[in-house]
Amino acid sequence: NIQAEYLIRVRELLPSGKPLHFWGIGHPSTFAFFVALGADSFDSAAYALFAEDGRYMTIEGTMYLKDLEEFPCDCPECSRYTPKEVKSMPQEEIMRFLARHNLHVCVREIKKVREAIRGGWLWELVQMRARYHPKLLEALIFTFKHFKDELEKREPFSKKSGLFYSGEETKERPEVYRAKKMLRRVIKVKRFFSTVLYDQVPIGLRYTYPFGQTHVPGEAEPEEEPTDEELISHILQYQFGPEAVNAFENPIVIRSKSTGMPRQVFDGEERVGMIRHYDGMFVPSLEGARKLVRVLPYPRSRVVIKRRFAETVARGTTVFTHFIEDIDPEIRPYQEVIAVDDSDSVLAVGKTILSGLEVEEFENHPFMKVRHHVLPRESETN
Ligand SMILES: [Zn+2]
């Protein structure tokens, strides 16, 4: 707990742009946890220190070579020898064997953590690892309870993978904390569905992250299907705030003929966006973005671009942090946002890479991937 608390405090003080090197993180079962708290790299000699002590690492915990009859591992070292053969080696060779095996276990876990970050299931991995030792679970619960806001700030707004329930601590996860907070801005709701993690959720959000992607044992899918009006109203309010409900006069949802899932969104004759299949988020078209900007209070959901970069962004270039004049501080990574110029005209729409609060901390870092832009690309005009 002291290590976790220390790490979060340091993370808070350091700009996110600076890699955080964390010394002394020992056992690989803690790697996922410390990365989730903001550590970028480890410099641990634990694998060698454990080897000197005759300790054989596994991801589930540490064993002593002297107690082993079989190696529960298929790394090159463990495939070559039996524990009996290793035990009969000279002391120095035993240590070298253990160090090489322990290093394999650490490297394997680091690869898994990286894959979990890419796939959006890092907290799922942390929850799994927390089952290997009650102290680790205790540290996780402590962290969720005491650092909700710190963790929420860097947590992606949407993910491609599901949110898996693994025990009581799941209720305290940063995604759950945020979702419950954001639900308060969805107003004038007539129909809800009940959930274990989020309590009452407006029916229009049944396909939207994290509500539609959460898996809790014994929890059934909602029986009712939202109307077009409920879908649009609840999703827009959840993503952009209560004012967004006034953006479209006559919204119509076109559903997929094969699956019945909501897809394209029109306002009368005009296509204003789509509801994305994997996370149920509204992805505005340029016309949809213009209509949203008209009703959303400044600077909600906006990335305001400096005058000298406005044309670059309008032509589809990725928005870098130094292009940004002003920003909605509530913006989170992987959120649909609108790039505007200093007179609030739409330049582009796209998805963020960082949170709004991190713009100050990164000098020259990609911030927003542009999906649609108002001018043709440079190459198309030549
Ligand atoms: Zn091994």
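Contact means heavy atoms within 4.5 Å. The model is predicted: local features need pLDDT of at least 70, side-chain atom pairs count only at pLDDT 80 or more, and totals for chains, interfaces and linings use all residues. Residues are numbered from 1 along each chain as its sequence is written, and side-chain values use heavy atoms, without hydrogens and water.

**Exercise 1. Trace the open sheet of 6 strands and place helix 12 on it.**

Solution.
- Set the terms. Helices (H or I, at least four residues) and strands (E, at least two) are DSSP runs, numbered from the N terminus. Two strands pair if DSSP finds at least two bridges between them.
- Write the order: 14-18-17-16-13-15, with mixed pairing.
- Mark the edges. Strand 14 (319-320) and strand 15 (324-327) each pair on one side only.
- Take one pair. Strand 13 (302-305) runs parallel to strand 16 (336-340) over 3 bridges. Valine 304 has valine 340 as its bridge partner.
- Add helix 12 (286-295). It lies across strands 13, 16, 17 (346-352) and 18 (366-373), at about 100° to strand 17. Axes are lines fitted to C-alpha atoms, for helices over the stretch in contact; angles run from 0 to 180 degrees between N-to-C directions.

**Exercise 2. Describe the interface of domain 2 and domain 3.**

Solution.
- Find the bounds: domain 2 is 154-282 and domain 3 is 298-377. Such bounds come from an automatic or database domain assignment.
- Count residues in contact: 14 from domain 2, 10 from domain 3.
- Count salt bridges (Lys or Arg side-chain nitrogen within 4 Å of an Asp or Glu carboxyl oxygen). There are 2 between these domains.

How values were computed:
Buried area = accessible area lost by both parts, 1.4 Å probe.
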